[in-house]
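Let's take a walk through a protein chain together, from its overall build down to a few single residues. Keep the picture open as you read.

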Amino acid sequence: MLLSKGFEIEVYTGTPAGEVVGMSDKIVATLDGFVREPDSRNVEYTTAPSYRYERSLCDLVRPRVQLRHYLRQLGDYTLIPGSTLALSGADEFHRSDPGNPYHDYIEQTYGTKVVTASVHINVGISDPELLMRACRLVRVEAPLYLALSAASPFLNGKVTGSHSSRWAVFPKTPSHVPLFESHAHFIRWTEEQLVAGTMQNVRHLWSSVRPNGDRRPYNLNRLELRICDLVSDPIALLAITALLEARLHQLIEDPHLDPLELSQLPAATRAEDLVAIADANEIAAAHASLDAELIDWRSGKRIVARDWVEELYGEVWSISKKQGFSCFLLPLKKILREGNEAQRWLKQHDQGWDTHQIVRESIQTMQTQEAALQNEICQPLVA
C-alpha cells in the first residue's frame, strides 16, 4: 500500500533576466490554490495528497503552468529557480501583508533569512506513535535529502561557499528540537514552547522535519520534511520523494529501524547525541551537499553523503519495486551522477559563466521541462 504524498512548493516570480519581483498579492487574489508568504517575492501552492506518483507529477506541473500563463498577462514575467535571492534583493524585505502581526514578528525577528523558496514534502501517516518513529528516522537522515536537493549556491550575485545557502542561514526554531520519544512527549514539549515563547504558535516549529496535522500537536496525520531546497525539476523531486517513501516503508516493515533503538551510540546519551549529529550533518550538507562528510547515526563513523545515498538506494530498491514505484526512484542515479542543481550551477561558474548567465539559462530550462511534461504526460489527464 503506497503512502499518500503532498507538496508545498514555494517559488520566486520575476523577469527572464532573473530579477525577482513581488507579485504574490495579485496572484493570491486571482488564482485559486496559491497562498502568500510574508515576503511578496515568492508564492506558495500546495498539492492535494495523492498515492500515485503519476498524479503527483501532474499536480506539481499544472499550477506552475497556470501561474506562468497568469504572469504573462501581467507582463514579461516568469518563475525563477533556486532557493535564495540569487542575484539581488537579499538586503530588503517586501511585505506581502503589511497588516499581519505574525508577519511583523517574522520580519523583525528574522529579516530576509526567511525569504527563501523551498519544497515541503508531506507523507501521510495516521498512527501517532509510528509517525513519531518516522520523524526520528527522517530527522537523522534529513541531511541526505538536503544534499540531493541543494539549489542555492548564490546570494546577491555572489558565490556564498554553501551549496544550500538557504539552509545555512535559515533560522531553525526553536534552536533546540529533541527527538520526540512519543506523541505525549511531542505534546508536552510543544505546550512548553508556547508558554516559554520560543514558539509563537503551533506552526512556529521550523525544523528539518516535523509532525503535522489538522490540530497540532494533538491530532496528527502526516510527516512534513521541510529541509529541501526548491527542486525545479519535478522528476528529480519525485525521485527524492520516492527515496523518502521507500525508507518509510522499510521502517513500517521493521520498527527496529528506529534510531533510538538501532543506533550503536551509548544508550545513556543516545537521544542527545543523535540530535547533535543530525544538526552537525545539516550544517555539513548545507555547505557541500553530496560531497559533504557526514556522521552515520547508526555507527558514529564518517561517510560521504553521496555514498550514504547510494547505500540507502541499494537497501530500498526492492521495496520500491514491490510497491510499484521503482521507476520514480531511478532518476536518483542521475542526481548522484551529474550533481544536484547547486553543483551543476557551480560547475558552470567554474567554467566561466557569471551568476546572471547561469540563472537566466536555468529559468529557460525550468520552463522547457514544465512545457514538455505538460504536453507529453499531463495534458491527457485534463478531461
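## Overall build

This is a predicted model. For a chain of 383 residues, a compact globule would have a radius of gyration near 21 Å, and this chain comes out at 20 Å, so the two agree. Line the chain up with its principal axes and its C-alpha atoms fill a box of roughly 60 × 45 × 45 Å.

Along the way you'll pass 14 helices and eleven strands. If you take the contacts with a separation of 6 or more, 72% of them link residues 24 or more positions apart.

## Inside and outside

How much of the chain is buried? Buried residues make up 58% of the 383. On the outside, the chain exposes about 15,500 Å², and carbon and sulfur atoms supply 51% of that area. There are charges to look at too: 39 positive and 49 negative ones, with mean positions 2 Å apart.

## The nonpolar core

In soluble globular proteins, nonpolar side chains tend to be buried together. Here, the largest nonpolar core has 117 residues. Those with the most contacts inside this core are Ile 27, Leu 67, Ile 121, Leu 148, Leu 225, Leu 243 and Leu 332. Helix α4, residues 128-149, gives the most to this core, with 14 residues.

Try zooming in on Leu 225. Setting aside residues up to four places away in sequence, Leu 225 touches a list of partners that includes Val 119, His 120, Ile 121, Val 138, Ala 142 and Tyr 145. Ser 208, Val 209 and Leu 244 are also among them.

## Buried polar residues

Is Arg 166 buried or exposed? Its relative accessibility is just 1%, so Arg 166 counts as buried, the cut-off being under 20%. Look for Arg 166 in helix α5, residues 165-169. Leaving aside neighbours within four places in sequence, its contacts include Ser 83, Thr 84, Thr 116, Ser 152, Arg 226 and Asp 229. Arg 166 and Leu 85 sit 81 residues apart in sequence, but their C-alpha atoms are 9.3 Å apart in space.

Gln 374 is another one to find, in helix α14, residues 355-378. With a relative accessible area of 13%, Gln 374 is buried as well. Apart from neighbours within four places in sequence, Gln 374 is in contact with Val 61, Arg 62, Val 65 and Gln 379.

## Spots in the loops

Now for some loops. Leu 230 is in the one between β9 (222-225) and α7 (234-253). Its relative accessible area is 0%, so Leu 230 is buried. Leu 230 and Ile 335 are 105 residues apart in sequence and 14 Å apart from C-alpha to C-alpha.

Where do you find cis peptide bonds? One runs from Thr 173 to Pro 174, with omega near -10°, and Pro 174 lies in the loop between α5 and α6 (183-196). Another goes from Arg 216 to Pro 217, with omega near 0°. Pro 217 belongs to the loop between β8 (209-212) and β9.

## Positive phi angles

Asn 156 isn't a glycine, yet its phi is positive, near 55°. Asn 156 is in the loop between β6 (154-155) and β7 (158-159), and at 32% relative accessibility Asn 156 counts as partly exposed.

Ser 289 also has a positive phi, near 45°. You'll spot Ser 289 in the loop between α9 (270-288) and β10 (293-295). Ser 289 is buried, with a relative accessible area of 0%.

Notes
Residues numbered from 1 in each chain as written. Predicted model: local features only at pLDDT ≥ 70, side-chain atom pairs only at ≥ 80, totals over all residues. Heavy atoms only, no water. Helix = DSSP H or I, 4+ residues; strand = E, 2+ residues; numbered from the N terminus. Rg over C-alpha atoms; globule rule 2.2 N^0.38 Å. Buried < 20%, exposed > 50% of the residue type's maximum accessible area, 1.4 Å probe, protein only. Contact = heavy atoms within 4.5 Å. Areas by Shrake-Rupley, 256 points an atom, 1.4 Å probe, with all protein chains shown as cover. Lys, Arg positive; Asp, Glu negative; His and termini not counted. Charge placed at Lys NZ, Arg CZ, Asp CG, Glu CD. Core = buried A, V, L, I, M, F, W, Y, C linked by side-chain atoms within 4.5 Å.
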